[in-house]
Amino acid sequence: MDFQQQVLQYIRKNALILPRGSVIVGVSGGADSMALLLALSGLRHDLGVQLHAAHFNHQFRPEALRDERFVVQWCKQLNIPLTIGRRQGGKIKHLSEDDARKMRFDFFVKTARHLKVQSVALAHTRNDLAETVLMRLMRGSGLYGLRAILPKRSLEGITLVRPLLGINRLDVENYLKIQKVPYCTDATNFLTVYERNKVRLELLPLLAKEYNPQIINALSDLAATAGEDYEFLSTQAHKQFEKMVIVSNKKVRMDLKNIKRQHPAMMRLVFRQMVEKLIKDPAALTFEHIHAIENLAAQKSSGTIDLPHHLRVNKGKDFLELYFR
């Protein structure tokens with residue numbers, strides 16, 4: 001099966017792109033995004049969709065303008081309309097991975113809303129998935145975190161889809177080589193001051209060489225299994241949520257009378273669902289945060305803890321409530 005057919009099969013298996021619509025394709029100019037752009041361009045008739053590319057220039061690297069022009073050139077060649085966004089402000093000495101990602105995602109959501117498009121396709125591969133799983137393992141994570149990168153998820157009402165998530169990076173590079181399509185290389189991808197680069201360039205090669213040559217597939221399979229387990233348990237937890245939790249304006253309140261009857265794993269999922277009722281990005285809460293809520297609920301005395309996104313958790317005699325401080 002050739003590369004495009006693998007992508008098409010993965011899209012259909014996971015119902016990522018529906019026909020008779022439009023899809024925004026995030027294009028940085030790197031190998032992964034160029035492979036995604038090229039593959040979707042070749043599949044647009046099979047998928048029955050229109051494509052619109054989106055490129056965000058962080059204006060941080062010296063090569064940023066070169067990459068932007070490269071994307072413009074290829075979108076013209078493929079006859080795909082393009083929207084370009086740029087970081088506002090002057091020169092900066094440092095741009096964290098999280099800040100760069102947030103800027104990029106905010107731009108994609110804004111572009112999707114402006115164009116009245118519901119889906120944005122991103123070029124994460126199986127390697128990206130494995131890297132994220134390993135990073136989550138090192139930080140400490142439950143099933144929620146081990147799902148890592150999902151094939152499809154919602155962000156502020158826009159659906160992010162990842163058609164390359166079942167494909168290895170080596171296959172991406174081979175595809176571009178066969179198609180004779182160049183791509184831009186980001187020099188910062190080789191700086192090990194960034195955690196993901198260190199995992200990609202040092203840790204994963206070591207694990208592949210010394211422990212398991214199939215480490216990428218092993219970690220990716222772990223993410224898939226964790227995702228299936230989480231989906232099942234989350235469904236069961238929601239049933240308990242509806243029995244124990246009252247949702248009101250900017251506040252979520254739980255009755256603690258029957259909490260001891262519940263399995264700890266089930267209660268952790270209920271706590272996470274309480275958080276999800278209040279904030280748009282529950283992934284910002286780690287297993288440590290959920291565990292802190294669990295400990296607060298279990299203690300006999302009253303108390304409060306503060307969480308990210310200005311959330312506060314308050315425990316009374318027989319209730320637990322979450323609200324914005």
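**Entry 1: pairing around E11**

Two strands count as paired if DSSP finds at least two bridges between them. I opened the predicted model and began with Lys251, whose bridge partner in E11 is Tyr323. I then looked up the two strands themselves: strand E8 (residues 251–255) and E11 run antiparallel and are joined by five bridges. The next bridge I noted links Val252 to Leu322 in E11.

I also checked E10. Five bridges pair E10 with E11 in the antiparallel sense, and Arg312 has Tyr323 in E11 as its bridge partner. I noted that three residues lie between E10 and E11, which form a hairpin.

How many of the residues of strand E11 (residues 319–324) are buried? I found five of the six, so I wrote "mostly covered" beside this strand.

**Entry 2: the five-stranded sheet**

I wrote down the strand order as E7-E8-E11-E10-E9, an open sheet of five strands with antiparallel pairing. Strand E7 (245–248) and E9 are the edge strands, each pairing on one side only. On average, neighbouring strands here are turned by 15 degrees against each other, with direction ignored.

Next I looked for helices on this sheet. H9 packs on it and touches E7 and E8, and the direction of H9 makes about 70 degrees with that of E7. Helix H10 (residues 264–276) packs on the sheet as well, touching E7, E8, E10 and E11. I recorded about 155 degrees between the directions of H10 and E8. Angles over 145 degrees count as roughly antiparallel, so I noted H10 and E8 as roughly antiparallel.

**Entry 3: the six-stranded sheet**

I moved on to an open sheet of six strands, in the order E3-E2-E1-E4-E6-E5, where the pairing is mixed. Its edge strands are strand E3 (82–86) and strand E5 (152–155), and each pairs on one side only. From one strand to the next, the twist averages 30 degrees.

At one edge I followed E5 to strand E6 (residues 158–161): the two pair in the antiparallel sense over four bridges. Lys152 has Val161 in E6 as its bridge partner.

I then listed two helices. Helix H2 (residues 31–47) packs on the sheet and touches strand E1 (21–26), strand E2 (49–57) and strand E4 (119–121). The direction of H2 makes about 165 degrees with that of E2. Helix H3 (residues 64–77) lies across E2 and E3, and H3 also runs at about 165 degrees to E2.

**Entry 4: H5 against H9**

How are H5 and H9 oriented to each other? I read an angle of about 75 degrees between helix H5 (residues 126–139) and helix H9 (residues 215–244), with the axes 8 Å apart. Angles of 65 to 115 degrees count as roughly perpendicular, so H5 and H9 are roughly perpendicular to each other.

I listed the residues that meet: H5 brings Arg126, Asn127, Leu129, Ala130, Val133, Leu134 and Leu137, and H9 brings Ile216, Asn217, Leu219, Ser220, Asp221, Leu222 and Ala223. By class, this contact has nine nonpolar, three polar and two charged residues.

**Entry 5: nonpolar cores**

In soluble globular proteins, nonpolar side chains tend to be buried together. With that in mind I looked up the largest nonpolar core, which has 56 residues. Phe3, Val7, Ile17, Leu37, Leu40, Leu47 and Leu176 have the most contacts inside it. H2 supplies the largest share of this core, 10 residues.

I followed one of these residues further. Leaving out residues up to four places away in sequence, Phe3 touches Ala35, Ala39, Leu164, Ile167, Asp171, Val172 and Tyr175. I also found a second, separate core of 29 residues, including Tyr144, Ala237, Leu296 and Leu320.

**Entry 6: two positive phi values**

Most residues other than glycine have a negative phi. I noted two residues with a positive value. Phi of Arg20 is near 60 degrees, and Arg20 sits in the loop between helix H1 (3–13) and E1. Is Arg20 buried or exposed? I found a relative accessible area of 78%; the cut-off for exposed is over 50%, so Arg20 is exposed.

Phi of His309 is near 65 degrees. I placed His309 in the loop between strand E9 (303–307) and strand E10 (311–315). Its relative accessibility is 37%, so His309 counts as partly exposed.

**Entry 7: Ala292**

I ended with Ala292, in helix H11 (residues 287–298). At 28% relative accessibility, Ala292 counts as partly exposed. I also checked Ala292 against Val245: they are 47 residues apart in sequence and 19 Å apart in space, C-alpha to C-alpha.

Terms used: Residues are numbered from 1 along each chain as its sequence is written. This is a predicted model: local features need pLDDT of at least 70, side-chain atom pairs count only at pLDDT 80 or more; totals for chains, interfaces and linings use all residues. Side-chain values use heavy atoms; hydrogens and water are left out. Axes are lines fitted to C-alpha atoms, for helices over the stretch in contact, and angles run from 0 to 180 degrees between N-to-C directions. Angles under 35 degrees count as roughly parallel, over 145 as roughly antiparallel, 65 to 115 as roughly perpendicular and the rest as oblique. Contact means heavy atoms within 4.5 Å. Ala, Val, Leu, Ile, Met, Phe, Trp, Tyr, Cys and Pro count as nonpolar, Asp, Glu, Lys and Arg as charged, and the others, Gly among them, as polar. Buried means under 20% relative accessible area, exposed over 50%, partly exposed in between (1.4 Å probe, protein chains only). A nonpolar core is a set of buried Ala, Val, Leu, Ile, Met, Phe, Trp, Tyr and Cys residues joined through side-chain atoms within 4.5 Å.
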